[in-house]
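User: I should like to learn how to read the features of a protein model, one at a time. Please give the general idea where there is one, and then the case at hand.

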Amino acid sequence: MITLNINNKNYNVDVDPETPLLWVLRDTLGLVGTKYGCGMAQCGACTVHLNGQAVRSCVTRVSSIAGKKVVTIEGLSEKNDHPLQKAWLELDVPQCGYCQGGQIMSAAVLLRENKNPTEKDIDNAMVGNICRCGTYLRIRKAIQLAAELQRKGG
Amino acid sequence: MKFNENYFLPLKTVTVLIILFSVIAFMSFGFKNDFTTVRGKNDLIRDSVESVKAFKDVYKVLMSPRCMNCHPAGDVPLQDDNSRLHDMFPQRGQDGKGLYAMKCSNCHQPTNMEGLNTPPGNPNWHLPPANMKMVFQGRTANQLAKQLVNPKTNGNKTLQKLIEHADDGLVKAAWDPGEGRTVPPMSHEEFKKAWITWIKFGAYAPGSK
């Protein structure tokens with residue numbers, strides 16, 4: 001039995017310690033906002049925060065995260081009012097939506113570490129998150145809007 | 001008055017011999033660091049031939065993909081056996097550990113993952129930092145040897161620290177690269193022997209041609 005802290009809640013899960021976190025989130029705990037894309041850390045759809053860092057949950061073994069804090073897209077904000085979520089809605093960013101949870105989780109780390117990112121900063125931060133619908137330009141605009149909202153306190 | 005010429009013969013001989021020995025001594029001094037074997041400071045045994053010979057093996061390893069891929073000329077690491085730019089173009093960052101949502105450890109776990117094309121793992125995965133990039137890619141053997149022994153370009157390492165670096169965990173990870181990746185062209189044991197030989201015999205750089 002492994003105890004995991006996910007979105008500020010403790011879960012005891014009976015899984016093989018080698019199981020990637022993504023499978024535990026989706027199949028064991030039913031937290032399906034985090035998506036399976038490639039299974040080898042190549043696409044970013046499975047991005048979650050582990051102690052504040054944007055890790056790829058498809059290659060993160062649960063044995064390595066005991067005692068650490070995991071945040072998924074479901075736990076990014078209590079009322080879905082993170083500046084990024086507001087900006088995403090405002091600019092109607094998603095098309096199919098499959099990659100968007102991972103996109104937002106990566107962008108959240110960028111905005112925490114850089115309150116006023118340039119386009120280059122955004123590209124450097126988001127280059128590991130692939131969108132097959134090609135919503136990259138809206139994603140970049142939404143991150144700029146979110147940065148502005150964040151600076152204004154909201 | 002007539003001088004007896006034979007009287008000065010020994011003097012001439014001695015003078016010639018003194019000049020000859022002086023020239024030999026001067027040349028010996030000049031070439032001491034290059035061609036003779038002497039014991040110097042820190043138990044270094046200076047022998048440029050043995051040192052350069054060992055560095056040939058060292059160079060083969062350092063320029064293999066497992067070593068060079070994390071010592072790129074640019075700010076994006078290299079990947080795979082053909083040393084292409086790393087997928088997704090992650091950036092070096094100031095500390096060599098990546099940027100924002102693209103930090104090395106976001107994908108590279110403490111240990112290798114099973115399966116082809118999964119990220120290789122190490123708890124200390126990183127590039128050299130931005131203020132001392134320690135580039136291997138594109139360096140000649142002469143350039144790389146000089147770079148490796150200079151504390152201003154080798155990560156502030158003394159020769160003793162360089163010797164110890166052969167057993168660094170990330171260095172040794174080159175011989176456990178995960179499925180589908182080639183290992184350096186000799187064993188770690190052979191590499192370490194060549195590395196130490198190169199340093200112990202004076203850490204000489206091969207000729208620049």
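User: In what order do the elements of chain B run from the N terminus on?

Analyst: The model is a predicted one. From the N terminus on, the elements of chain B follow the order α-β-β-α-α-β-β-β-β-α-α-α-α-α. Chain B has eight helices and six strands. Of the 209 residues in chain B, 28% are buried. Among the contacts in chain B with a separation of 6 or more, 55% join residues 24 or more positions apart.

User: How is the packing of two helices described, and at what angle do helix H2 and helix H5 of chain B pack?

Analyst: Two packed helices are described by the angle between their axes and by the distance between the axes. Helix H2 (residues 48-62) and helix H5 (residues 141-149) of chain B pack at about 90 degrees, and their axes are 11 Å apart. An angle of 65 to 115 degrees counts as roughly perpendicular, and H2(B) and H5(B) are therefore roughly perpendicular to each other.

User: Which residues make the contact of H2(B) with H5(B)?

Analyst: H2(B) contributes Phe55(B), Tyr59(B) and Leu62(B), while H5(B) contributes Ala141(B), Leu144(B) and Ala145(B). By class, the residues of this contact are six nonpolar, no polar and no charged.

User: Which residues of H5(B) are buried, and what covers them?

Analyst: Leu144(B), Ala145(B) and Leu148(B) are the buried residues of H5(B). They cover an arc of only 100 degrees around the axis, so they lie on the same side of H5(B). What covers the buried residues of H5(B) includes H2 and helix H6 (159-165) of chain B.

User: How should a positive phi be read, and what is phi for Ala41(A)?

Analyst: Most residues other than glycine have a negative phi. Ala41(A) is not a glycine, yet has a positive phi of about 60 degrees. Ala41(A) lies in the loop between helix H1 (21-28) and E3 of chain A. Is that residue buried or exposed? The cut-off for a buried residue is 20 or more other C-beta atoms within 10 Å; Ala41(A) has 26 and is therefore buried.

User: Where does Met88(B) lie?

Analyst: Met88(B) lies in the loop between strand E4 (84-85) and strand E5 (98-99) of chain B. Phi of Met88(B) is near 75 degrees, again a positive value in a residue other than glycine. Met88(B) counts as partly exposed because it has 18 C-beta neighbours inside 10 Å.

User: What domains does the assignment give for chain A, and how many residues of each are in contact with the other?

Analyst: The assignment gives domain 1 (2-75) and domain 2 (83-151) of chain A. The C-alpha centres of these two domains lie 21 Å apart. In the contact between them, 13 residues of domain 1 meet 11 residues of domain 2. On the domain 1 side, strand E3 (47-50) and E4 of chain A each give two or more residues, and E3(A) has the largest share with three residues. That side divides into six nonpolar, six polar and one charged.

User: How many residues of chain A and of chain B are in contact with each other?

Analyst: The size of an interface is often given as the accessible area lost when the parts come together. Here the description is by residues: 21 of chain A are in contact with 18 of chain B. On the side of chain A, strand E4 (53-56), helix H3 (100-113) and helix H4 (119-126) each supply at least two residues. The residues of that side comprise 10 nonpolar, eight polar and three charged.

Notes: Residues are numbered from 1 along each chain as its sequence is written. Chains are lettered from A and ligands numbered from 1 in the order in which they are written. This is a predicted model: local features need pLDDT of at least 70, side-chain atom pairs count only at pLDDT 80 or more; totals for chains, interfaces and linings use all residues. Two residues are in contact if their C-beta atoms, placed from the backbone, lie within 7 Å. Helices (H or I, at least four residues) and strands (E, at least two) are DSSP runs, numbered from the N terminus. Ala, Val, Leu, Ile, Met, Phe, Trp, Tyr, Cys and Pro count as nonpolar, Asp, Glu, Lys and Arg as charged, and the others, Gly among them, as polar. Domain bounds come from an automatic or database domain assignment. Axes are lines fitted to C-alpha atoms, for helices over the stretch in contact, and angles run from 0 to 180 degrees between N-to-C directions. Angles under 35 degrees count as roughly parallel, over 145 as roughly antiparallel, 65 to 115 as roughly perpendicular and the rest as oblique. A residue is buried if 20 or more other C-beta atoms lie within 10 Å of its own, exposed if 12 or fewer, and partly exposed in between; C-beta atoms are placed from the backbone. The arc is that of the directions from the helix axis to the C-beta atoms.
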